[in-house]
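Please open the model in your viewer and keep the sequence panel beside it. We will go from one selection to the next, with a short account of what is there at each stop.

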Amino acid sequence: MSWQDYVDYQLIQKGLAHAAFIGEDLVVWASSEGFNLSEAERRAMFDAFENQDHFYESGLDLTGRHFHPAAADDRIIRVVQEGNGAMLVRMKGFIIVGEYGNLAPAQGQYFINKLADQLTAAGF
């Protein structure tokens, strides 16, 4: 299965509004249509895992929209915006990011976590 298939079939078809896989080299491996993250936004995602104090002060921007910090640990970051939210999961060498859209946060988080767990079990 390609990275694009994971985005399309494991996240978007489950109801997430947007999703992407971002490599440590800041290249987007796969993304849903219209989810165009700038290099600065991609860099900020990796930085948020390294400097959580700064993340809690500033939040994150996704495609030019500001999201406020909700929770963070070494593996997962959650952000919220009025009526919306997103979750980032740090994997070996990349980050999975998914925006919930119309899904309830718990439901969106479930699909993102499930995919992250599958990829972890496969060695990613």
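Begin by selecting the charged side chains of this predicted model, where you will find 9 positive and 17 negative ones, the centres of the two sets lying 7 Å apart. Now show the surface of the whole protein, which exposes about 6,200 Å², with 47% of that area supplied by carbon and sulfur atoms.

Next, switch to a cartoon view and follow the chain from the N terminus, along which the elements run α-β-β-α-α-β-β-β-β-β-α, giving four helices and seven strands. The radius of gyration is 13 Å, close to the 14 Å that the globule rule gives for 124 residues, so the protein is as compact as a globular protein of that length. If you reduce the display to the C-alpha trace, its span along the principal axes is about 35 × 30 × 25 Å.

How much of the protein is buried? Colouring by accessibility will help here, since buried residues make up 45% of the 124 residues. Turning to contacts between residues at least 6 apart in sequence, 44% of them join residues at least 24 apart.

For the last stop, select Met1, which is found in the segment before helix 1 (3–11). Is Met1 buried or exposed? Its relative accessibility is 63%, and because a residue over 50% is called exposed, Met1 counts as exposed. Leaving aside neighbours within four places in sequence, Met1 is in contact with Tyr6 and Gln10. Finally, add Phe35 to the selection: Met1 and Phe35 are 34 residues apart along the chain, and their C-alpha atoms are separated by 21 Å.

Terms used. Residues are numbered from 1 along each chain as its sequence is written. This is a predicted model: local features need pLDDT of at least 70, side-chain atom pairs count only at pLDDT 80 or more; totals for chains, interfaces and linings use all residues. Side-chain values use heavy atoms; hydrogens and water are left out. Helices (H or I, at least four residues) and strands (E, at least two) are DSSP runs, numbered from the N terminus. Buried means under 20% relative accessible area, exposed over 50%, partly exposed in between (1.4 Å probe, protein chains only). Contact means heavy atoms within 4.5 Å. The radius of gyration is taken over C-alpha atoms; the globule rule is 2.2 Å times the number of residues to the power 0.38. Accessible areas come from the Shrake-Rupley method with a 1.4 Å probe; for residues, only the protein chains shown count as cover. Lys and Arg count as positive and Asp and Glu as negative; His and the chain ends are not counted. The place of a charge is taken as NZ of Lys, CZ of Arg, CG of Asp or CD of Glu.
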